[in-house]
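Here is a friendly walk through one model, taking in its open and closed spaces, one hairpin and a few charged pairs. Have the viewer ready and follow along.

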Amino acid sequence: MKKILLIFMMVSVVFSACKDKADDFTPTNPSISQIVPTMGLANQTVSLRGKRFATDAAANIVKFAGVRAEVLTASDTLLTVKVPAEGSTGNVTITISDRTSKGPLFTYGTVAVEFDYVTSTYAGTGSVGDTYGSLTEAQFMLPNGVSFDQSTGDLIVTDRTAQTIKRISKDGIVTKIAGTGARSSINGSLSVATFNNPYKSAIDKNGNIYVADNGSNLVRKIDLTTNTVSTLAGGGTTGAFLDGQGTNARFNTITGIAVDEDGFVYVADAVNHAIRKISPTGEVTTLAGNGTAGIIDGDWPNVRMNRPTAVCVGKDGFVYAADRYGQRIRKINRHSGRTVTIAGSGGSASNTGSQVDGEALKARFNNPWGIAAAADGTIYVSELGGSGSATHTIRMIKDGIVTTIAGNASFNAPGYVNGLQGVSRFNNPTDLAVDNDGNIYVGDMNNYVIRKIVRVPKP
């Protein structure tokens, strides 16, 4: 009996020892089970959920595809981390006391799209012409510019080769505002005034219309309280670059125009590689660029631009410019002229563009030609095709991400197709405007129509 009891005691000791060893064997490596969100931008804050994190934030070494991130807060099961700017898509790892574990995949430079973008034909028949009437009856010759009149809710169209400025009322009727059809730059009443290749227009809060009269290098003003057309700035001499008062100033190929809440007008002076600013009384100064092509951010006069073709004023009060040959979007302080690049990573000529969506400063553009700002701060850009490709797309810059919302660069050819993003096609979309509801209107110049892009929430 004693022998049996002794054997039982020995077995119990061995079992207890084994159990104690099993209890002592617990994982010591940290573990990441979830990243929220799994897609995002540089400098965005994300959450890492898991086990065995250090409660001292600095003791957690978190890396995104090998690039260390800043840990903001820490607990045993949750870290908040700032996504590093130099990182890229790949696995997230965590190291604590030389013990490293690999976590889930994190994707850079993309966000889930909340909306579908549906393109339709808003006005025009698709055939070249110069007729008026309903949206389905009216015809355009080369609708180069389109702008939204906040005072009326109407659209203003600059019909380039028709040499006219047209209105599309919010009720859907197309009428003429000014221009006889003759190609010249005569001031006077609306019935006698003429234009010379008007490219784009802008409308101030009082309903005055400013026109980039490209063929004469003039900035024209249509005053609808007096029903007259006058010259705000420019002397009509081609190839010059000169600041000054009114008609003493000189421009070289004005292609874009915008106006701010204070009545100051901004023009994209393309061949002078500059953005010019015009006071309500007609005094012209240079805001950014100095006549020499280049891509340099900073303060005037050191800023360089490369054939800017469009400008708009954002709700934040900054001027945004589509720098065509620079293949970039620039942001300019309208008071100081300080300029920074907010989107686009390369290019110096018409054939050096490309089309890459994603993180704004890593994205690429192909001949951005039109630009518009929505009330929520979203920037929309229209692209022409370059000499080596054909893009014909509408791009969106929102929350630091560039996304193609209409057209498809992979077609590598112009077209005329309505429908969702990726399906719709354009033929030289030259300008954009955004209404109060966020609808986007596009001057689809070589399809001779105005297109409309509507956001539709995804299911």
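What volume does the largest pocket have? This is a predicted model, and in it the largest pocket has a volume of about 860 Å³. Its lining is made up of 41 residues, and Phe148, Gln150, Val313, Lys315 and Ala373 are the ones that lie nearest the centre. By type, the lining divides into 20 nonpolar, nine polar and 12 charged residues. Six strands each supply at least two lining residues: S12 (143–149), S17 (198–203), S22 (254–259), S26 (308–313), S31 (368–373) and S35 (429–434).

S26 deserves a second look. Five of its six residues are buried. It pairs with strand S27 (residues 319–323) in the antiparallel sense, over five bridges, and one of the bridge partners in S27 is aspartate 323, which faces proline 308. The two strands form a hairpin with five residues between them, and glycine 317 in the turn has a positive phi of about 90°.

There is also a closed space to visit. The structure holds one cavity of 30 Å³ or more, with about 30 Å³ of space inside. Among the residues that line this cavity are Thr391, His392, Phe411 and Arg425; the lining as a whole has four nonpolar residues, six polar and one charged.

Now for the charged pairs. A search of the whole structure finds 17 salt bridges, and three of them are set out here.

| Salt bridge | Closest N and O atoms |
|---|---|
| Aspartate 130 and lysine 166 | 2.7 Å |
| Arginine 220 and aspartate 213 | 2.7 Å |
| Arginine 334 and aspartate 260 | 2.8 Å |

Are arginine 220 and aspartate 213 buried or exposed? Arginine 220 is buried, at 0% relative accessible area, and aspartate 213 is buried as well, also at 0%.

Arginine 334 sits in the loop between S28 (328–332) and S29 (339–343), and aspartate 260 in the loop between S22 and S23 (265–269), so this salt bridge ties together parts that are 74 residues apart in sequence. Arginine 334 has a relative accessible area of 16% and counts as buried; aspartate 260 is buried at 5%. Elsewhere, salt bridges with shared partners join Asp130, Asp159 and Lys166 into one network. Within that network, aspartate 130 is partly exposed, at 32% relative accessibility, whereas lysine 166 is buried, at 0%.

Finally, a note from the record: an unreviewed UniProt entry annotates residues 239–281 as "repeat: NHL". Over these residues the chain is 0% helix and 42% strand, with the end C-alpha atoms 24 Å apart.

Methods:
Residues are numbered from 1 along each chain as its sequence is written. This is a predicted model: local features need pLDDT of at least 70, side-chain atom pairs count only at pLDDT 80 or more; totals for chains, interfaces and linings use all residues. Side-chain values use heavy atoms; hydrogens and water are left out. UniProt positions are given in the numbering used here, feature names are shortened, and annotations may be inferred rather than shown by experiment. Helices (H or I, at least four residues) and strands (E, at least two) are DSSP runs, numbered from the N terminus. On a 1 Å grid over the protein atoms alone, a cavity is a set of points where a 1.4 Å probe fits but cannot get out, and a pocket is an open set with protein on both sides within 12 Å along at least five of seven lines; lining residues have an atom within 4 Å of a point. Grid points are joined across faces, edges and corners, and a volume is the space filled by probe spheres set on the points. Ala, Val, Leu, Ile, Met, Phe, Trp, Tyr, Cys and Pro count as nonpolar, Asp, Glu, Lys and Arg as charged, and the others, Gly among them, as polar. Buried means under 20% relative accessible area, exposed over 50%, partly exposed in between (1.4 Å probe, protein chains only). Two strands pair if DSSP finds at least two bridges between them. A salt bridge is a side-chain nitrogen of Lys or Arg within 4 Å of a carboxyl oxygen of Asp or Glu.
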